[in-house]
Amino acid sequence: MMDAVTVAPIQPYAARKTYLCPGCDGTIPPGTFHLVVVPDHAPDLRRHWHHGCWNKDLRRRFGTNASIL
């Protein structure tokens with residue numbers, strides 16, 4: 001079972017830093033829409049994901065109908 005997480009979209013105008021996506025190990029450059037995923041039990045473990053990488057991870061875990069945003 002997956003722990004509860006909070007997923008927040010980051011709009012391009014608010015994306016001001018470069019992040020590393022844990023889904024593909026690729027960079028998320030400034031100005032790129034992406035998601036911040038924060039585990040509810042450990043907010044210090046938040047990660048920035050490409051939208052597509054997050055949806056791919058959800059489908060891998062929960063099947064083809066799983067998606068968010």
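## A walk from Trp49 through the fold

Let us start at Trp49, a residue that lies in strand E5. The model you are looking at is predicted, so please read every distance and angle below as computed from that prediction. Trp49 counts as buried, because its relative accessibility is 10%, and buried means under 20%. Which residues does Trp49 touch, once its neighbours within four places in sequence are left aside? The contacts are Cys21, Pro22, Gly23, Ile28, His34, Leu35, Val37, Trp54 and Asp57. Pro22 is a good example of how the chain folds back on itself: Trp49 and Pro22 are 27 residues apart in sequence, while their C-alpha atoms are 6.6 Å apart in space.

Now step back to the whole chain. Counting from the N terminus, its elements follow the order β-β-β-β-β-α, which gives 5 strands and 1 helix. The chain has 69 residues, and 30% of them count as buried. Its accessible surface comes to about 4,700 Å², with 55% of that belonging to carbon and sulfur atoms. If we take the contacts between residues at least 6 apart in sequence, 42% of them join residues at least 24 apart.

The helix, H1, is our next stop. H1 covers residues 51-62, 12 residues in all. From first C-alpha to last, H1 reaches 16 Å, close to the 16 Å expected at 1.5 Å a residue. Which residues of H1 are buried? They are Cys53, Trp54, Asn55, Asp57 and Leu58. The cover over these buried residues includes three strands: E1 (5-10), E4 (34-39) and E5 (47-49). Just after the helix comes Gly63, which takes a positive phi of about 105°.

Trp54 brings us back to where we began. The aromatic pair count comes to 1. That pair is Trp49 with Trp54, arranged edge-to-face, with 5.1 Å from centre to centre and 75° between the planes. Why does this pair count as edge-to-face rather than stacked or tilted? Because planes over 60 degrees apart fall into the edge-to-face class, and here the angle is 75°. Trp54 is buried, with a relative accessible area of 3%, and Trp49 is buried too, at 10%.

Asp57, another contact of Trp49, takes part in a salt bridge. A search of the whole structure finds 1 salt bridge, and Asp57 forms a salt bridge with Arg60, their closest N and O atoms being 2.8 Å apart. Asp57 and Arg60 are 3 residues apart in helix H1, so about one helical turn separates them. The two partners sit in contrasting surroundings: Asp57 counts as buried at 9% relative accessibility, whereas Arg60 is exposed, with a relative accessible area of 60%.

Finally, have a look at the cysteines. How many disulfides are counted here? The count comes to 0. Cys24 is in no disulfide, and its nearest cysteine sulfur, that of Cys53, is 3.8 Å away. Cys53 is likewise in no disulfide, its nearest cysteine sulfur being that of Cys21, 3.7 Å away. Neither distance qualifies, because a disulfide needs the two sulfur atoms within 2.5 Å. As for their surroundings, Cys24 is partly exposed, with a relative accessible area of 40%, while Cys53 is buried, at 18%. Cys53 is also one of the buried residues of H1, and Cys21 is among the residues in contact with Trp49, which returns our tour to its starting point.

Technical notes: Residues numbered from 1 in each chain as written. Predicted model: local features only at pLDDT ≥ 70, side-chain atom pairs only at ≥ 80, totals over all residues. Heavy atoms only, no water. Helix = DSSP H or I, 4+ residues; strand = E, 2+ residues; numbered from the N terminus. Expected span 1.5 Å × (residues − 1). Buried < 20%, exposed > 50% of the residue type's maximum accessible area, 1.4 Å probe, protein only. Contact = heavy atoms within 4.5 Å. Areas by Shrake-Rupley, 256 points an atom, 1.4 Å probe, with all protein chains shown as cover. Salt bridge = Lys/Arg side-chain N within 4 Å of Asp/Glu carboxyl O. Phe/Tyr/Trp six-rings, centres within 6.5 Å; stacked < 30°, edge-to-face > 60°.
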